[in-house]
Amino acid sequence: AMMLGDLGAQVIKVEPLDGDWLRQIGPFVQGESALFIRLNRNKKGICLNLKQEEGKEVFLRLAQGADILIEGYRPGAMDKLGLSYEALAKSNRGLVYCSISAMGSQGPMAELPRTELDIQALAGKDRQLGVPGEPPLRDGYDIVSSNAAWAAGQGILAALFSRERTGEGQRVETSLLDAAIAIAQWAINAEGNPDEWKGRPLSGYAEPPDHGYQCKDASFLLDIGRDDEAWNTFCTAVGAEHLATDPRFDDFMKRASDRMALQEALKPVLASWSFNDLRDLVQGMGGTIVLMHNFESLVNDPQVEALEIVREMQHPVAGKYKTLDVPWDFSEPIARASEVPAPLLGQHTRELLSELGYKKAAISALLAKKAAA
């Protein structure tokens with residue numbers, strides 16, 4: 001929804017009376033969740049109790065005039081509320097109704113609760129980290145949930161394009177499991193090939209973890225390439241001539257297969273080098289070398305700054321904060337991270353009810369009955 005808002009959509013976020021659970025997740029700035037602020041920009045907020053008929057009636061009025069509805073309940077929850085696609089499409093045939101669930105809407109595990117970490121494990125993501133023979137490791141951030149959002153956004157835009165041709169909306173569905181498997185297609189497709197593979201194992205789990213190389217001021221990844229002559233030149237340049245003739249590293253496949261030993265062997269040699277000097281050397285040879293950033297150093301990287309990926313914005317409570325811009329550039333300015341801040345809890349409830357045609361007395365009645373807040 002945030003991405004669609006950046007593309008120009010007016011987004012209305014419907015929260016329960018006690019708010020989106022993300023509001024309670026830290027870290028906090030002046031009592032406001034840093035995550036909520038960044039993921040809910042360009043939205044208006046309304047609090048509704050969908051278990052009360054009066055609250056449901058407000059929701060139905062909102063849905064009747066909407067192009068898109070996005071919901072993230074477990075399968076069947078919206079049906080029980082009387083808010084299924086079939087029910088809403090009766091009065092809004094152009095509605096694009098997107099459901100995002102953990103495991104999809106069918107199958108033996110569809111209705112079970114699942115977390116990001118559950119899906120990572122189930123989809124085999126954990127098995128591409130760690131060391132063979134030892135327990136698997138999880139990814140350090142919500143890569144599956146983020147990819148599910150991208151999948152939903154693509155599905156919604158495709159459905160909108162179809163509606164331009166047919167006039168009809170439709171239901172779009174994706175899940176965290178769909179998204180987790182989709183981003184593993186490189187390994188799944190490669191390892192699912194029935195032909196015998198003579199080279200290195202393709203599975204990330206069959207390879208040791210890559211901790212990179214260390215010099216006196218940085219950690220980095222380094223790739224000299226497949227050319228053994230380039231490897232010899234590099235060894236001479238850094239003062240490691242003995243490694244050029246070391247039988248463990250004298251051809252590319254050996255260096256690739258025993259990367260941990262190579263990193264250990266180069267450690268004392270590279271300890272006296274600065275990263276900038278190594279970068280000039282390696283790039284001059286046609287190899288690749290990049291810093292292994294943490295998030296703090298990443299946002300200050302000159303290349304990230306040149307692309308203007310990080311932007312500073314203003315929130316009425318938290319004040320100035322940094323966030324990420326949209327990851328697209330257009331020749332025409334049709335998308336830019338909206339500077340409209342994330343809504344405070346129930347901030348636009350009265351405004352939106354008024355726009356839906358509710359009079360002051362009716363609004364006060366809804367608030368008094370706790371159908372809205």
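**Salt bridges, cysteines and one strand residue**

In this predicted model, the side chains of Arg93 and Glu168 come together in a salt bridge, with 2.3 Å between the closest N and O atoms. This pair joins distant parts of the chain, the two residues being 75 residues apart. Arg93 sits in the loop between helix H5 (85-89) and strand E6 (96-101), while Glu168 belongs to the loop between helix H7 (143-166) and strand E7 (170-175). Glu168 has a relative accessible area of 37%, so it is partly exposed.

The bridge between Arg93 and Glu168 is one of 15 salt bridges found in a search of the whole structure. Another of them pairs Glu15 with Arg23, whose closest N and O atoms are 2.8 Å apart. Here both partners, Glu15 and Arg23, are buried.

A further salt bridge can be followed within a helix. Lys267 and Glu264 meet through their side chains, at 3.6 Å from N to O. Both residues lie in helix H13, which covers residues 259-270. They are 3 residues apart, or about one turn of the helix. Lys267 counts as partly exposed because its relative accessibility is 40%, a value that falls between the 20% limit for buried and the 50% limit for exposed.

The cysteines come next. A disulfide is a covalent bond between the sulfur atoms of two cysteines. For the model, the count comes to 0 disulfides, the rule being a pair of cysteine sulfur atoms within 2.5 Å. Two cysteines can be looked at individually for their accessibility. Cys47 has a relative accessibility of 1% and therefore counts as buried. Cys98 is also buried, because its relative accessibility is 0%. Both values are judged against the cut-off for buried, which is under 20%.

Finally, Ile12 offers a look at strand E1, which is made up of residues 11-15. With a relative accessibility of 31%, Ile12 counts as partly exposed. Once its neighbours within four places in sequence are set aside, Ile12 is in contact with Lys44, Ile46, Leu62 and Leu352. Ala121 gives a second point of reference for Ile12: the two are 109 residues apart along the chain, and 34 Å separates their C-alpha atoms.

Methods:
Residues are numbered from 1 along each chain as its sequence is written. This is a predicted model: local features need pLDDT of at least 70, side-chain atom pairs count only at pLDDT 80 or more; totals for chains, interfaces and linings use all residues. Side-chain values use heavy atoms; hydrogens and water are left out. Buried means under 20% relative accessible area, exposed over 50%, partly exposed in between (1.4 Å probe, protein chains only). A salt bridge is a side-chain nitrogen of Lys or Arg within 4 Å of a carboxyl oxygen of Asp or Glu. Helices (H or I, at least four residues) and strands (E, at least two) are DSSP runs, numbered from the N terminus. Contact means heavy atoms within 4.5 Å.
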